[in-house]
Amino acid sequence: MFAAVLSLGTMTAFAQEEETTVEEVATEQVEAAQDGFNEIAAEEVPAAITEALEAAHPGATISKAFMNEEAQYKLEVAKEDGETAELYADAEGNWIEK
């Protein structure tokens, strides 16, 4: 009986943790849409941008990518040193100050 109660408590805690994660993701998507950017797959980022990222931040990887109607890209990147950054670029790989 005790094991069943303990098990149920763990499952409930996991469900609450899962719910928070879904809520956080939804909030990020709303914030991105509010600034005119919609999430896209990292594979959809033009090669010019990925090449510019490698040149400016060797070893950095794209965690999330977003694009707006003007074909500008917002990138959330993870650098090799563990830091994260939010970068903006146009489709030709030119960095934009925001």
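Two strands count as paired if DSSP finds at least two bridges between them, and strands themselves are DSSP runs (E, at least two residues; helices are H or I, at least four), numbered from the N terminus. A quick word on the input: this is a predicted model, where local features need pLDDT of at least 70, side-chain atom pairs count only at pLDDT 80 or more, and totals for chains, interfaces and linings use all residues. Residues are numbered from 1 along each chain as its sequence is written, and side-chain values use heavy atoms, with hydrogens and water left out.

**Exercise 1. Work out the strand order of the sheet and its pairings.**

Step 1. Start with the end of the sheet: β4 (residues 84–90) and β5 are antiparallel, with 2 bridges, and Tyr88 has Ile96 in β5 as its bridge partner.

Step 2. Go back one strand. β3 and β4 share 7 bridges, again antiparallel; Val77 pairs with Ala85 in β4. Their hairpin has 5 residues between the strands, and Gly82 there takes a positive phi near 95 degrees.

Step 3. Next, β2 (residues 61–67) meets β3 through 6 antiparallel bridges, with Thr61 opposite Ala78. This hairpin has 4 residues between the strands, and Ala71 has a positive phi near 60 degrees.

Step 4. Put it together: the open sheet of 5 strands reads β1-β2-β3-β4-β5, with antiparallel pairing. β1 (38–40) and β5 (95–96) are the edges, each pairing on one side only.

**Exercise 2. Find which strand supplies the largest share of the largest nonpolar core.**

Step 1. Pin down the terms. Such a core is a set of buried Ala, Val, Leu, Ile, Met, Phe, Trp, Tyr and Cys residues joined through side-chain atoms within 4.5 Å. Buried is under 20% relative accessible area, exposed over 50%, partly exposed in between (1.4 Å probe, protein chains only).

Step 2. The largest core has 12 residues, including Ile40, Tyr73, Leu75 and Val77. α2 (47–56), β2, β3 and β4 each give at least two, and β3 takes the largest share with 3.

Step 3. Check β3 (residues 72–78) itself: 5 of its 7 residues are buried.

**Exercise 3. Describe what surrounds Asp90.**

Step 1. Asp90 sits in β4.

Step 2. Use contact as heavy atoms within 4.5 Å. Skipping neighbours within four places in sequence, Asp90 touches Ile49, Ala71, Tyr73 and Ile96.

Step 3. Look at the polar side: a polar atom of the Asp90 side chain is 2.9 Å from the backbone nitrogen of Asn94.

How values were computed:
Polar contact = N/O pair within 3.5 Å; in protein donor to acceptor, adjacent residues only side chain to side chain.
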